[in-house]
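Me: I should like to learn how the features of a protein model are read. May we go through some of them together?

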Amino acid sequence: MSVYFLSPAVCPDKEPGLQPWMPGHSEDHRVTIGYGRKVLLTTSATVHSIEILNGGKLVIADNNRPIMLRTKHILIGNKGELHIGSPDCPYKGNLTISLFGSDQEHSYFGRKYIGVGTGGTLEIHGEKKLSWTFLNKTLHPGESNQNNYLFQRSWGNRGIIIHVIDPNTGEVLQDDRFDTYRSKDESHRLAKYMDGVEAGLILAMVVNDEGSNNLEDSAKKSLSRLGSQYISSLGFRYNSHHLPSAVRPQASISIDMLSNSSILELADQPEGWGSRDRVVVASTDYSMHQAEEFTLLSCPTCTSNQVKVQGKPQFIHMGEEVDGVDMRAEVGLLSRNILLRGEMEPGCYGNEACNFFNFDTFGGHLKVERGFRAVHISGVELQHMGQQTMGHYPVHFHMNGDVDERGGYNPPTSVSDLSIHHSFSRCVTIHGSNGLLVKDVVGYDTLGHCFFTEDGPEERNTFDHCLGLMVRAGTLLPSDRDSKMCRDITEGAYPGYVANPRQDCSATSTFWIANPNNNLINCAAAGSEETGFWFIFHHVPTGPSEGLYSPGRTEHTPMGQFTNNRAHSNYRAGMILDHGVKTTKANDKDKRPFLSLVGARYGPHQDADPFKPRVPALIHHFVAYKNQDHGAWLRGGDVWLDDCQFADNGIGLTLASGGTFPDDDGSRQQVKNSLFVGESDNRGMRFPDNRIWGPGGSDPTGRTLPRGIDFPIRGMQIYDGPINMQNCTFRKYTALDGRHTSAFGFRLNNSWQSCPNNNVTDITFDHITSRVFFGEPGPWFNKMQMDGDKTTIFHDIDGSVSEYPGSFLVKEDNWLLRHPDCIDVPDWKAAICSGRYAQIYVQTRNPANLNMHIVRDEYPNRPLTLEGALGKRKHYQQFQPVITLAKGYTIHWDQAAPAEVTIWLINFNKNDWINVGLCYPQGTAFTIISDIHNRLTKQTRKTGVFMRTTQKEKINHSHLARGYYYWEEDTGLLFLKVKAHNDRGQYAFCSVKGCERVKITAVIPKGSPPSNCMAQAYPRHAELPVVDVPMPRKIPNARLVRMGGCND
């Protein structure tokens, strides 16, 4: 690839040797510019098409007359160039390129396009304008505008001060001072001045210091005729020696303008914004549809950070920090002086999209082919671009490889300062391309993922200060589609496929990132039908990228920079890091279409090699508010959040681990120095668009709600783990009658495990009625009978939640974890306990569709029943109880015992142990071994065997190579001791050598009844409860419920 340098300083249309070109208007005129021909378009034109190649160059003249170029396509071929302005000489005129027609499809570029082929150059540089900013003052619906003027001593000292004000604009047209204390001449001048004021203007008058001494009747009469009630009785000022000398008298006047306009206070100076430009103001409530468009008006009296717009807002748009969270609405510029647009038909026609849209979705598109010479696009408006067909998007880099210095491009390829709006398929698509800079781009009102990376190999691309909002569902990919599209579009599915939209589709996102090694900096996802930022994984690269990386690489690729991003007004979540796409075609075993959503697990490592050191994915200063379901759902190993803000989300944050326990064992997730707000003072407004309106917790007046009036709002949702939370603040989580609300909560209807190493420290609460809620049967919680609902736990390291340092919070009815000194907290449905906790995973085969009852010997009347984590149709089942170490347990079944039971030691440190008695039918024969399984290499190594003993006590003398089991045939219990023999890493589930396991293979007599031995086991094996770890002392002077009612 050759290095291409842009020419400095010289404006493209001033280059010597350009031939003026005025092709006229004919839709049949096919233009070819080649063989060294260089032309300058100086006037509007209509042609069939333009092809530029073989040294040809087209330059658009920058003159005072607007230029409209209509064509079906522009193809920039090898050694062809199209120039509109340059970086040093931006185009200042008004240019529109309008793409029309739908016939004569090109084999690569399609129809209605600007195409940059191999060796082609495209340079478009419009005027530099501020792309988007924030409101700096809240904009209220339908409010009138008010201009305030302050009359102060410094405005004129002694006498009568007059301001003449335009009632339509609030602008001060004239001002003067008349010293009627000093001179009768000033009184005459005042009377004459009053007679000269035009009718219909507002006259405001104040008296400063003294003005009556030489005020004559002629002036008084003139003022009285205008309506002054007090001028006739104006006297010498009242002088009191009791007034403090520091008082500075002042008066002000407010002008309420009834004109149909509004003033927007902006965070930045709106560089380049002008009258008749269009802007969009984002929603700051749950619904993205509260975004509003406005047209700018001239405003001579606006300050440098103000603009005037036509009309009044329908909705409230926040322009301030609320309860510590930045909720300012984004304001995006839609207008540019260079417009690239598609010409549209009045209705939909010609493709499957018409089943879902009643408007034409066949816009124009811009596509860049591999091997281009140079592409830089800035300062351009793209309207009605994109098509509901694959490969045709407003801006599309297709299979370009490296487009920065690595690929020989200097300066690197970039698109910047674009306004892409009312488009029909995405905003910017990066497909098989690396190193592209996408900066200061606004994407508004589009179909399908807006900022889109496609196949999985796209890396090192940077989205810097990009704004996307009003992102709607589209038809192209399963992940683009809404529920109706998911059910109705069967192309690519195997016959008999029945769609599950929430699992297979329904993922429309503002930023769709198919490889974590991309940078997102200062970006805003301000409203999507589903999600703001979604990191998705292609286990293998798909489409034309097939073979570009080895299987599983992206799941281990370190994350690029993710800093200072924000997401709000999304339905599903502000951010999701989870899931993959199906990379195989539909078949009879998996009928789902290609690229449907599937599961995936993220574990970043150096060089994407799971055998090399971990590299945490860092999410810094992420702001998520007013997302209906989640602020963020992040699954995977070593995902760390710092200085983040979550407010008014149904659930603030869920950190999910790699599953039952991760293949990539030893990772953790953490969140530090972050703020969670349950219900902020951004109450929204009642409107038919709002799905839910109801009372708030902290303030019983109405507010918009995320999911339902009784939805249990949670700040941090603890799922599986291990997670660590440090130095975080929770504010305004207030429950109502019939609605549970808590700072900490747990995943509802959860079948998965809960890790006892989940821990919190240095937590602060402000206006909280419930710090933790473990759940109870009822709406949203259902019956609380799933395994994960029963085994919830976390470690309160410093007591900042429970006020008992070092304690664990457990579900109140989990007697595997309780002891006699635990402290019940009924409002939390919890108990505060102490102890040493770990987990066992009990895997069963033959059968797998059974329930397990586990009983701690110290509480024989409190069995815990588990249904299994995997569903009843799997070929094996897994039960995942949290247990107290150094205790005895028995395990029973609701069917005949399984022929194969494997007990995994999870979160056991070296020498940790429990005794287990498993129920089997009489006449069962056993083979029992121990082994170590490495989940990363998928290798298993046998470590020992268990021999039968006739002395139950001997099971305690087991060692690594030889263990003992005791078969108590009269009770039906097989006793053995499971013990860890290896050290465990700090955050690992298993030992440094792998997962230690005990595997029991049994020959079960046919026709055996259910293996439930509880009646035989107890009270024979019952033990008195013993507190092995004393309860910590309560923090002095701590009170879980403070006086005053609202603080906790």
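The dialogue below takes up sheets, strands, pockets, cavities and backbone details in turn.

Reply: Please keep in mind from the start that this is a predicted model.

Me: Let us begin with sheets. What holds the strands of a sheet together?

Reply: Strands of a sheet pair through backbone hydrogen bonds, and the pairing is either parallel or antiparallel. In this structure, one open sheet has six strands, in the order E13-E25-E20-E21-E22-E19, and its pairing is antiparallel.

Me: Which strands stand at the edges of this sheet, and why is one side of each left without a neighbour?

Reply: Strand E13 (132–134) and strand E19 (261–265) are the edge strands; each has a single partner strand, so one side of each has no neighbour in the sheet. Neighbouring strands here are turned against each other by 35° on average, with direction ignored.

Me: How many bridges join E19 to strand E22?

Reply: Five bridges join E19 to strand E22 (residues 306–310), and the two strands run antiparallel. As an individual pair, Ser262 has Val309 in E22 as its bridge partner.

Me: Where may I see a sheet of three strands?

Reply: Strands E16, E15 and E17 form an open sheet in the order E16-E15-E17, with antiparallel pairing. Its edge strands are strand E16 (172–178) and strand E17 (202–208), each of which pairs on one side only. The twist from one strand to the next averages 15°. Strand E15 (residues 159–165) pairs with E16 over six bridges in the antiparallel sense, and Ile160 has Phe178 in E16 as its bridge partner.

Me: Which strands offer an example of parallel pairing?

Reply: Strand E11 (residues 113–116) and E27 run parallel and are joined by four bridges. Within this pairing, Tyr113 stands opposite His365 in E27. E27 also pairs in the parallel sense with strand E29 (residues 395–402), over two bridges. There, Val368 has Phe397 in E29 as its bridge partner.

Me: Which way do the side chains of a strand point?

Reply: In a regular strand the side chains alternate between the two faces of the sheet. Strand E27 (residues 365–368) may be read in this manner: His365 and Lys367 point one way, whereas Leu366 and Val368 point the other way. These four residues are buried.

Me: How is the word "buried" to be applied to a single residue?

Reply: The word is used for a relative accessible area under 20%. Val415, in strand E30 (residues 414–421), has 0% relative accessibility and therefore counts as buried.

Me: What is the volume of the largest pocket, and which residues lie nearest its centre?

Reply: The largest pocket has a volume of about 1200 Å³. Its lining has 33 residues, and Arg502, Arg572, His579, Trp633 and Arg747 lie nearest the centre. By residue type, the lining divides into 13 nonpolar, eight polar and twelve charged residues. Among the elements that supply at least two lining residues are helix H4 (501–504) and strand E43 (573–581). E43 gives the most, with four residues.

Me: How many cavities does a search of the whole structure find?

Reply: The search finds six cavities of 30 Å³ or more. The largest cavity has a volume of about 100 Å³. It is lined by 18 residues, of which Phe746, Leu748, Phe773, Phe774 and Phe781 are the closest to its centre. E55, strand E57 (741–746) and helix H6 (787–790) each give two or more residues to this lining, and the largest share, four residues, comes from E57.

Me: Which details should I look for in the backbone itself?

Reply: One may look at cis peptide bonds and at the sign of phi. The bond from Gly721 to Pro722 is cis, with omega near 10°, and Pro722 lies in the loop between E55 and strand E56 (723–733). The bond from Asn846 to Pro847 is also cis, with omega near 0°.

Me: Which residue in strand E43 deserves a look at its phi?

Reply: His579 is found in strand E43, and its phi is positive, about 75°, although His579 is not a glycine. His579 counts as partly exposed because its relative accessibility is 25%. Glu803 likewise is not a glycine and has a positive phi, of about 70°. Glu803, however, is buried, with a relative accessible area of 6%.

Conventions:
Residues numbered from 1 in each chain as written. Predicted model: local features only at pLDDT ≥ 70, side-chain atom pairs only at ≥ 80, totals over all residues. Heavy atoms only, no water. 1 Å grid on protein atoms, 1.4 Å probe; cavity = no way out; pocket = protein on both sides within 12 Å on 5 of 7 lines; lining within 4 Å. Points joined across faces, edges and corners; volume = space filled by probe spheres on them. Nonpolar A, V, L, I, M, F, W, Y, C, P; charged D, E, K, R; others polar. Pairing = 2+ DSSP bridges. Axes fitted to C-alpha atoms, helices over the stretch in contact; angles between N-to-C directions. Buried < 20%, exposed > 50% of the residue type's maximum accessible area, 1.4 Å probe, protein only.
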